[in-house]
Every structure is written in structure tokens, then in C-alpha cells.
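Colleague: Before I use this model, I would like to hear the reasoning behind the labels put on it.
Modeller: Ask about them one at a time.

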Amino acid sequence: MERLPGGRRPRLVSSLGLGRRSWEVTLDEERGRLAWCDPRPPRRVRGNCFVPISEIIAVEETEFNKKQRNIGRWQKMAKLHAFTVYYVKKARNHRWRCSDVTFWCVEEHLCNQWIQALKELLEMQKSRPKQLLVYINPYGGKRQGKRIYEQKVAPLFSLASISTDVVITERANHAKDNLFEVNIYKYDGVVCVGGDGMFSEVMHGLIGRIQKDSGIDQNNPKASLVQCNIRIGIIPAGSTDCICYSTVGISDPVTSALHIIVGDCQPLDVSSVHHNNTFLKYSVSLLGYGFYGDILKDSEKKRWMGPMRYDYSGFKTFLSHHYYEGTIAYQPAKHTHGSPRDKESCRTGCHICKKSEKQLAEQKKEHGLKHEEGEEEWKVIKGKFLAINAVNMSCACPRSPKGLSPAAHLADGSADLILVRKCSRFDFLRYLVRHTNQDDQFDFPFVDVYRVKSFQFTSKLSEDNESNGMDIGKKRFGQFCRDHPACCCNIVNSTWNCDGETLDSSAIEVRVHCQLMKLFARGIEENCKDEAAHSQSSIEQLL
Ligand SMILES: CCCCCCCCCCCCC/C=C/[C@@H](O)[C@H](CO)NC(=O)CCCCCCCCCCCCCCC
Ligand SMILES: Nc1ncnc2c1ncn2[C@@H]1O[C@H](COP(=O)(O)OP(=O)(O)OP(=O)(O)O)[C@@H](O)[C@H]1O
Ligand SMILES: [Ca+2]
């Protein structure tokens, strides 16, 4: 066997046919890649190509005549043996595709040796799922969930030898309830086909089930929740698909299916939301009061419009220009090195998330939860706000490719609390427009942003009600203001938008749980079209 630079031994090196030419193919276990190079590349064509083993989807023996490749005289001289390697090909904008390359040779033994060696290496990829539980919401987004799964995702899962149990949901909360009944521990992961609402259901089912099985009371806002190690995969088929976009970099079902197949893992912070010692919900993307709460409330009545409902209700809510009075108390996230005004954002293998996780674990070990939560300072802000947004991640989505807080981290144990104070319609529009371009949306005198680990909110209305009892006149006025969007006064409460679901209470207590759950995702990769993809396009010129 040949030696590689540095005296390393590759697992296999052979001269194999690829198209009409003979290539040197190397299975380099130490560098974890399959490489093939043309010893005599034609001029102006790069003759090197490689695929990381971690990004190989499957290997299959190939019936050569079925492939109908014209390889000239070789085909006539002997029976040829071939195998096809299916692998991830990276395209622009974080899009992944399944590509394949077929190698051939005359010796059957050599062909089998390659197939076996590649299969053995794939078997060693222990983070890959073998059995998945899939929930499909047939009514999410443009109602394409079932078609997307059957046409684009199921064939890839079957190619990668992943077995699935598929449930097509029949009602809201079907997936969540089901996760409390089935044996979740026999699965390597749960996949949801739908939007952020569907993801939220599956997340509530999984986190809730794990807490129940571990004897943790979710109603206790100070409880130390048990981490959920069963990963969730998201096949985007919703209206916003913000969680998918913010964790993979694109909302594309094939890309997400490939992230699941290769067994990627991205930990995610989760916020718990309580009211008066009662658990309300978990949130991973947006907890929004005011603007985003009002959009959601209005848009729920227009579900029949599909994803367009958000633009319609967004425009309407923008015109209504309601502001809300209330008090926010928050604990700054001192454990993390990042700031919401950073120019760099969270990327694959983010060192800020890793450091923050370590820091939090050390704090917990040293002081215990009581000290950490109880004794740290609370900062209090009172005011009139057009929007109060708490985001655990950037909340990037096709409508806003950099999101509500571009530098927010997926797994640093903190949320970015964005306060947009009462301002003119024109200023608020300038603020919104900056979500769609490169300008800094926090660079306004009426916008403040803090990185927090917990916060509480009480509306002025509920504070007054608690001290005086609800005055009947105010109640009537409230209804009037709700019915007349031109009235911008602050007499009514808004609604909290919790990852696309409304909350019943306006007074809430929120705490971020660092890395409470995990996704089949890689985080957003640095945007470089890598060497492998480049070489691939030149190979295609050759074949
Ligand atoms: C002039 C254009 C300005 C465009 C500004 C776009 C900002 C978009 C920011 C999107 C942030 C999404 C956060 C994610 C939230 C999800 O957990 C949740 C569940 O899926 N989705 C929504 O609540 C759904 C939220 C959907 C929000 C849509 C907002 C549309 C605003 C339109 C304002 C129009 C003003 C025009 C004035 C002439
Ligand atoms: N079979 C069903 N019938 C009715 N509602 C369902 C069904 N299955 C799931 N749901 C509910 O539909 C809600 C919305 O679904 P989903 O998130 O998939 O789409 P969306 O709201 O269009 O997208 P997004 O959340 O990205 O804005 C979820 O909260 C879920 O509880
Ligand atoms: Ca975070």
C-alpha cells in the first residue's frame, strides 16, 4: 500500500475508472476523506476532488449497463464492476444537494473491497440516526408538507438506510400529545415537517416528556430542567421557518434532510415562560410583545391566506401604531463574552457558545442554582414601547435574512432583549427596513438591546388592575381601542407572541436554559464555497 505525505497509510488506494479516464482514488481514513485525482488532467481543468467521509450519504454497488455511461473500448473488452458514492454537494447560500460519483474497475474483488471499506467507515459515523419518528403537519405553510416529505425527503432517508415511523397529524397538538405516549427512547431523533409552530409542538412534547420521566415539575420557574438528548430535525414547510433558517442558513427541505442524515448536532438555548408559578410555554426564537404579538393575533384569523397573512397583518399593525406601557426587569447575562452589538455572528462550532456553556457549568458547580439566580442584580426599565422582543437566536428568515438580532447566539445561555420605545411611524418604519438591509437596526435613540439570562414583564394595565381592581370604564375603552386601529393609546394590553403562538397572560417571567435541547443541524457555516465543491464543477466538465 502506498504511503501518503508524512508516512501515513491510507486505507485504500486504487486506480479506478471514472467516466472515460482512469483516476487515482484514495480512501484516507486519517484525514477522514475520499479523494480522487486525475494523474494527467487536461489543461485548465483541476484534477483533484474530495469528499469528507462525514458527508458521504451512502455507497451502492452499481449495475454498470444500467448507468448507460459511454466508456468506450473498456466496456467491450470485459465485464465491468462499479460502485456509486452518494455525497453532500455544497452549493451557494448554504444549500446542500445530493450528488453522486460512479467508479468502475475490471476486478470484482477490488470493487467489493471498496464498497466494504466505505460501508465500514459509514457504520463508524456514530452520530448518524438509524431510526426516526416523523410528524408531518399537512396544513402548515402552503399545505405542502406531505408532498415535500414524500417527494424530497423520504427517498433520501431510504438511500441512507434510515427507517422511519411517520405520523401525519390530524389536529393541533397531535404530535405533542403523541410524544407523551410513544416509546421515544427507541428513536435517534424526531423530525417535524412544518413550520415554527410545528417545531414548537414537537419541542414541547419532547422536553415535557423528559421532565415528566425525570420527575421535574415544569411549573417551578426555578427548576433545573433536564437536557433533552433526542435531537429534533426540521423539514421546513411552514410560513416563517425562522428556526430552520437561523440554524442551517437556508429554508430548504433537501438541505435539512441532508443535515439530518449526516447526523449534525446543534445545541439550542430554550427559554421557559411562567406566570404566577404556572408554566406557560417554552420559546426558542421570538417572544414578542406589542408589534409582533399584535401581528400574530390578527393573522390567526386569516390562516386561510397562508404565509401572506403575516404581510397583511404586518401592514395593518404597522398602521395601527399601538404602544404599550409596562415594566421590564432583567438580569444581564454576565457569563457570556458576546454582545448584541457585535459585528460577528454565531457560526458553526461557535467559540462564544462553547465558552458560555463552560462558564455557566462552572458557576452552577461553584454556587448552585440558588445563588446564581437569586443574588445577581436585577435592572428595571419602565416605559412606553412599540415592541418588546426577546430572541434566543438571530431569528433570521427569508423576510429578514440577518434577523431581529443578527449577533444573537444559538447556544450561549442568553437571549437578546430588544426594546423599541414609542416613536413616530416614520422612525418605526426606518427601524423595520433595517431588518432587510445591512444597516444596524440598534443604532436608533429609541431602540435598546440587552443580553439577558432572565427577565420579567408586567404591563401598566395589570399593575393598575392589581392595585385598584379593574375599572369598568377602562374595560369598555379597551374594547373601543381594539376595534379602532387609528387610536394609538395604551389602554389595552398586547399579546405575547411565543414562537408564533399567543400566550394568555401579559405578565410573564422568562428564564433562558442553556443548551436545553439539540437539533440535527450544523449551525451556519462560514460562507465560503469550499474546495470540494469547486473541484466538483471541474469534474463535471470532464465527464
Ligand atoms: C418595509 C418592510 C419591512 C419588513 C420588515 C420585516 C421584518 C421581519 C422580521 C421577521 C421576524 C420573524 C421572527 C420570527 C418569529 C417566529 O417565531 C414566528 C413563528 O413562525 N413568526 C411570526 O411571528 C411571524 C412574524 C412575521 C412578521 C412579518 C412582519 C411584516 C412587517 C410588515 C410591515 C410593513 C410596513 C409597511 C409600511 C409601508
Ligand atoms: N393536522 C393539523 N390540523 C390543524 N392544525 C395543525 C395540524 N397539525 C399541526 N397543527 C398546528 O398548526 C400550527 C401551525 O403549523 P406550522 O407551524 O407547521 O405552520 P405555519 O404556522 O404556517 O408556519 P410558521 O409557524 O413557520 O409561521 C402548529 O402550531 C400546529 O400545532
Ligand atoms: Ca442564545
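**Reasons behind the labels**

Modeller: Keep in mind that this is a predicted model. The secondary structure of the chain comes to 15 helices and 21 strands.

Colleague: How much of the chain is buried?
Modeller: Of the 543 residues, 55% are buried. The chain still exposes about 25200 Å², with 49% of that supplied by carbon and sulfur atoms.

Colleague: What share of the contacts join residues at least 24 apart?
Modeller: The share is 75%, counted among contacts between residues at least 6 apart in sequence.

Colleague: Which residues are the protein donors of the calcium ion (ligand 3)?
Modeller: They are Asp269 and Asp412 through OD, and Asn392, His409 and Ser414 through O.

Colleague: What makes these atoms donors?
Modeller: For Ca the cut-off is 3.2 Å, and N, O and S atoms within it are donors. The protein donors of the calcium ion (ligand 3) lie 2.2 to 2.8 Å from it, so they qualify. Water is not among the atoms, so the site may look incomplete.

Colleague: What spacing do the donors follow along the chain?
Modeller: The spacing is D-x122-N-x16-H-x2-D-x1-S.

Colleague: Why is Asp412 called buried?
Modeller: Buried means under 20% relative accessible area. Asp412 has 0% relative accessibility, so it counts as buried.

Colleague: And why does Ser414 count as buried?
Modeller: The value for Ser414 is 2% relative accessibility, and therefore Ser414 counts as buried too.

Colleague: Turning to ligand 1, which residues come nearest?
Modeller: Of the 21 residues around ligand 1, the nearest are Asp196, Thr240, Ser285, Asn497 and Gly500.

Colleague: How do you know that there are polar contacts with ligand 1?
Modeller: A polar contact is a pair of N or O atoms within 3.5 Å. A polar side-chain atom of Asp196 is 2.7 Å from an oxygen atom of ligand 1. For Asn497, a side-chain N or O atom lies 2.8 Å from a ligand 1 oxygen atom, and for Ser285 the distance from a polar side-chain atom to such an oxygen is 3.0 Å. These pairs fall within the cut-off, so they count as polar contacts. On its own, ligand 1 has 850 Å² of accessible area, and the protein covers 85% of it.

Colleague: Which helices each supply at least two residues of the shell around ligand 1?
Modeller: Those are α9 (291–300), α10 (308–320) and α12 (425–433). The largest share, 4 residues, comes from α10.

Colleague: What classes make up the shell around ligand 1?
Modeller: The shell has 12 nonpolar, 6 polar and 3 charged residues.

Conventions
Residues are numbered from 1 along each chain as its sequence is written. Chains are lettered from A and ligands numbered from 1 in the order in which they are written. This is a predicted model: local features need pLDDT of at least 70, side-chain atom pairs count only at pLDDT 80 or more; totals for chains, interfaces and linings use all residues. Side-chain values use heavy atoms; hydrogens and water are left out. Buried means under 20% relative accessible area, exposed over 50%, partly exposed in between (1.4 Å probe, protein chains only). Contact means heavy atoms within 4.5 Å. Accessible areas come from the Shrake-Rupley method with a 1.4 Å probe; for residues, only the protein chains shown count as cover. A residue is near a molecule or strand if one of its heavy atoms lies within 4 Å of it. A polar contact is a pair of N or O atoms within 3.5 Å; within protein, one must be able to donate a hydrogen and the other to accept it, and residues adjacent in sequence count only if both atoms are side-chain atoms. Ala, Val, Leu, Ile, Met, Phe, Trp, Tyr, Cys and Pro count as nonpolar, Asp, Glu, Lys and Arg as charged, and the others, Gly among them, as polar.
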